[in-house]
Amino acid sequence: MKLARVACAGAIHAAQPQQLSDGRAGVRLTDGRTLAEDEVVWLPPLEVGTILALGLNYAARAKELAFGKEVEPLVFLKGPGTLLGHRGVTRRPAGVKFMHYECELAVVIGRSARGVRRSEALEHVAGYCIANDYAIRDYLENWYRPNLRVKNRDGATVLGPWLVDASDIPDPANLGLRTYVNGKLTQQGNTRDMSSDVPALIEYLSSFMTLTAGDVILTGTPEGAVNVEVGDEVVCEIEGLGRLQNTIAGDALFGR
Amino acid sequence: MPLGPRPAVSMDVPPYGLSGTLYGALLNHQSALQALGETINHPPYQRAPQAPVLYLKPRNTLAACGEPVTVPPGVAELEIGATLGLVIGRSACRLSEERALEHLAGYLIVNDVSIPHQPYYRPSIRFKARDGFCPLGPRVVPRAAIANPDSLTLRVYLDGELKQTATTAQLVRPVAKLLADVTDFMTLSPGDVLAVGVAAPAPRARAGQVARIEIDALGRLENPFVDSAA
């Protein structure tokens, strides 16, 4: 099952995909209303707890950033204020030179995990979403990398559109990822190329911290993260999870 | 807002409870920068931090006054990161220094516990994000009760013996400046905590010891450190 959280006509609703009578993609709210994709406001598909994100988790991406194979997964933490729903708008500050998207498989924990072995790790997964985890590399400094000014900006982590049940994704280690900027394919990869796969990440993290239902692991991005400009439309796709759309806007929209 | 258990910290002003999100500023106490000396200007760092260096303590780390902190197997001592926590009262985005404090609900004591580690280039979160590694409290003291958050004295005691004295008068970015710089790129929400920075050298505790942190007018935060086998 695919479930979204949307705002519509004064309330927040659960919604499922529903094709409209004219063939367009739409949603069906639990109360029976059917609406076009652009007639609702898309929120992140769940109330997220702790957000754990991976750096350099694809072999090719690590090479791109001139690193050897990481011995230990490289994890950083993000706060809830950085999340944004499908079709949302992300700010590109004036004057920055390199702001890039990162299409990532997001793993949603469904059941507490502490000291979980790899073989049982997937039993703790509720489902999956697409994440687009923007970074502004101009702000990178060499202290506690990657610093939050690069990776924890308001509205710079798009999550959705759906939370897809784990049972619908039998093999999270073989999903194609693609990113399009203004319709042009700019990033392509497959989750089989992760340095630490989903079970390994759950085993690693749960070896020193308790993961709780609602925690989300953003599993890193393959090579092909390129600069985006104001006005660009960025679409991240992951096989079986849908397509996550987002637009880049300048300072003026944010009153700056 | 974040699900799951939140530490029992009494709070008699809006929003009447913590959100469960805690950010901390690193290297924001002058002594912490001084302790690094010339290494700041060499690889991998190259230069002193320009923007605030922030981290998160996730919800699994948050613990109340009195809860034990577990010293992990193979680790001799843990760092006691005594610091002042700013509790956000209303949504804080792009604050001016002049009006920053108006957005606070109050203050509390934070113990940002870490496994001692170096370097600070890209440390693993397993040094700071372990279960129970962030006791805080005992209560949120309303903003109005603290005339000047930039002149508070912190004291750390181990088994009753004074081990560290520090003051918030020596922050690299004083409270209002820190709030202004942080909220320029990320909004702080009601109930979020921003820890202002730990002084160096931080005292270390072994299993079997009790750490007590006192801050003027904020009370005392006391937590026993216990062995993982206990």
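**Stop 1: where the two domains of chain A meet**

Start by selecting chain A and colouring its two domains separately: eight residues of domain 1 of chain A are in contact with 13 residues of domain 2 of chain A. Before going further, keep in mind that you are looking at a predicted model. For the colouring, domain 1 covers 1–43 and domain 2 covers 44–254, according to the domain assignment of chain A. Place a pseudo-atom at each C-alpha centre and you should find the two domains of chain A 24 Å apart.

Now, which elements of domain 1 should you pick out on the side that touches domain 2 of chain A? Select β1 (2–8) and β5 (41–43) of chain A, which each give two or more residues to that side. The top contributor is β1(A), with four residues. Colour this side of domain 1 by residue class and you will see six nonpolar residues and two charged ones, with no polar residue.

**Stop 2: chain A against chain B**

Next, show both chains together. The contact between them involves 29 residues of chain A and 34 residues of chain B. On the chain A side, select β7 (74–78) and α2 (148–151), each of which supplies at least two residues. Of the elements on this side, β7(A) has the largest share, four residues. How do the residues of this side divide into nonpolar, polar and charged? There are eleven nonpolar, eleven polar and seven charged residues on the side of chain A that touches chain B.

**Stop 3: the largest nonpolar core**

Hide the surface and look inside. In soluble globular proteins, nonpolar side chains tend to be buried together. Here the largest nonpolar core has 140 residues, and the members that touch the most others are A:A106, A:V108, A:C129 and B:L108. Within chain A, domain 1 (1–43) and domain 2 (44–254) each provide at least three residues of this core.

Centre the view on A:A106. Beyond its neighbours within four places in sequence, A:A106 is in contact with a run of residues, A:Y128, A:C129, A:I130 and A:A131, and also with A:L159, A:V216 and A:L218. Of these contacts, A:C129 is another of the core members that touch the most others.

**Stop 4: a five-stranded sheet in chain A**

Switch to cartoon view and select β9, β19, β18, β15 and β16 of chain A, which form an open sheet in that order with mixed pairing. Which strands stand at the edges? They are β9 (88–91) and β16 (184–190) of chain A; each has a single partner strand, so one side of each is left without a neighbour in the sheet. Looking across this sheet, neighbouring strands are turned by 25° against each other on average, with direction ignored.

Zoom in on β18 (233–238) and β19 (242–249) of chain A, an antiparallel pair held in register over six bridges. To see how the two strands line up, label A:E233 and find A:T247 opposite in β19(A).

**Stop 5: a five-stranded sheet in chain B**

Move over to chain B and select β5, β15, β14, β10 and β11, again listed in the order in which they form an open sheet of mixed pairing. The edge strands of this sheet are β5 (69–71) and β11 (161–167) of chain B, each paired on one side only. From one strand to the next, the twist averages 20°.

Inside this sheet, look at β10 (153–158) and β14 (210–215) of chain B, which pair in the antiparallel sense over five bridges. Label B:L154 and you will find B:I215 of β14(B) opposite.

**Stop 6: backbone details in the loops**

Finish with some backbone geometry. Most residues other than glycine have a negative phi, and most peptide bonds are trans. Where do the exceptions lie?

- Select B:P14 and B:P15: the peptide bond joining them is cis, with omega about 5°. B:P15 sits in the loop between β1 (10–11) and β2 (22–26) of chain B.
- Select B:P43 and B:P44 for another cis peptide bond, with omega near 0°. B:P44 lies in the loop between α1 (30–36) and β3 (53–57) of chain B.
- Stay in the loop between α1 and β3 of chain B for B:Q46. B:Q46 is not a glycine, yet has a positive phi of about 75°. B:Q46 counts as exposed because there are 10 C-beta neighbours inside 10 Å.
- Return to chain A for A:A9, in the loop between β1 and β2 (11–19). A:A9 also is not a glycine and has a positive phi, about 45°. Is A:A9 buried or exposed? A:A9 is exposed, with 10 other C-beta atoms within 10 Å.

How values were computed
Residues numbered from 1 in each chain as written. Chains lettered and ligands numbered in written order. Predicted model: local features only at pLDDT ≥ 70, side-chain atom pairs only at ≥ 80, totals over all residues. Domains from an automatic or database assignment. Contact = placed C-beta atoms within 7 Å. Nonpolar A, V, L, I, M, F, W, Y, C, P; charged D, E, K, R; others polar. Core = buried A, V, L, I, M, F, W, Y, C linked by C-beta atoms within 7 Å. Buried ≥ 20, exposed ≤ 12 C-beta atoms within 10 Å, placed from the backbone. Pairing = 2+ DSSP bridges. Axes fitted to C-alpha atoms, helices over the stretch in contact; angles between N-to-C directions.
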